[in-house]
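Visitor: I'd love a close look at one part of this structure, the nonpolar core and what surrounds it. Could you walk me through it slowly?

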Amino acid sequence: MRLTLHTDYALRVLVHVGQHKGDLVTINEIAECYGISKNHLTKVVHQLGRAGYLETVRGKYGGVRLLRRPEDIKLGQFIRETEDDFTLVRCMRCESAAECRLSGSCIARDALASGLSAFFKVLDGYTLADMLVAERQAAE
């Protein structure tokens, strides 16, 4: 399974903003820190604001800051909200299941669904706070 660039950038934004503990952070600062296009990052930040993860403050002295506590942002739930498709194989789509020629003998669909479920179970055990602690430890 591969996460989209959008989710990668969204996680980076949350980590960067979370490291600033309530201070406003500009999109330019985040873009420079990670070498990300400011235009693309603007879209990511806008969506994170609409989803209730970030508070956005407009104006000359504006920026973004976390709207939720890092301990309350579970990685699994966050990824479920930022990604739009977790179909690992075509037959996992409801409309495609009937088209599968192996459906009577193939266990791949159930195995992959179980694997995806396990993937999210593990991610749900981690929070943004865990990521922030790891970042601080790596910086020491």
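Visitor: To set the scene, what percentage of the 140 residues of the chain count as buried?

Guide: Happy to take you through it. Please keep in mind that this is a predicted model. Of the chain's 140 residues, 34% count as buried. The chain is built from 7 helices and 2 strands, and from the N terminus the elements follow the order α-α-α-β-β-α-α-α-α. Taking contacts between residues at least 6 apart in sequence, 61% of them join residues at least 24 apart.

Now to the core itself. In soluble globular proteins, nonpolar side chains tend to be buried together. Here, the largest nonpolar core has 30 residues, and the ones with the most contacts inside it are Val13, Leu14, Val17, Leu48, Leu54 and Phe78. Several elements give two or more residues to this core: helix H1 (5–19), H2, H3, E2, H4, helix H6 (108–123) and helix H7 (128–139). H1 supplies the largest share, with 7 residues.

Val13 is a good place to zoom in. Setting aside residues up to four places away in sequence, Val13 touches Ile30, Leu41, Val44, Val45, Leu48 and Leu54. Two of these partners, Leu48 and Leu54, are also among the core residues with the most contacts.

Leu54 takes us on to the strands. Its bridge partner in E2 is Leu66. E1 and E2 run antiparallel and are joined by 4 bridges. Together the two strands form a hairpin with 5 residues between them, and in the turn Gly59 has a positive phi of about 110°.

From the hairpin we can move to the largest pocket, which holds about 300 Å³ of space. It is lined by 17 residues, and those closest to its centre are Ile27, Val45, Thr56, Val57 and Val64. Val45 is a name you have met already, as one of the residues that Val13 touches. The elements giving two or more residues to the pocket lining are helix H2 (27–34), helix H3 (38–50), strand E1 (54–57) and strand E2 (63–66). H3 gives the most, with 5 residues. By type, the lining divides into 5 nonpolar, 9 polar and 3 charged residues.

Let's return to H1 and look at its start. Leu5 lies in this helix. With a relative accessible area of 49%, Leu5 is only partly exposed, because exposed means over 50%. Leu5 and Glu83 are 78 residues apart in sequence, yet their C-alpha atoms are 9.8 Å apart in space.

Thr82 belongs to helix H4 (residues 75–82). Not counting neighbours within four places in sequence, Thr82 is in contact with His6, Thr7 and Ala10. Its relative accessible area is 17%, and Thr82 is therefore buried, since the limit is under 20%.

One last stop is Cys91, found in the loop between H4 and helix H5 (94–97). Cys91 also counts as buried, because its relative accessibility is 16% and the cut-off is under 20%. Ala108 is 17 residues from Cys91 in sequence, and the two lie 9.4 Å apart in space, C-alpha to C-alpha.

Note on methods. Residues numbered from 1 in each chain as written. Predicted model: local features only at pLDDT ≥ 70, side-chain atom pairs only at ≥ 80, totals over all residues. Heavy atoms only, no water. Buried < 20%, exposed > 50% of the residue type's maximum accessible area, 1.4 Å probe, protein only. Contact = heavy atoms within 4.5 Å. 1 Å grid on protein atoms, 1.4 Å probe; cavity = no way out; pocket = protein on both sides within 12 Å on 5 of 7 lines; lining within 4 Å. Points joined across faces, edges and corners; volume = space filled by probe spheres on them. Nonpolar A, V, L, I, M, F, W, Y, C, P; charged D, E, K, R; others polar. Core = buried A, V, L, I, M, F, W, Y, C linked by side-chain atoms within 4.5 Å. Pairing = 2+ DSSP bridges.
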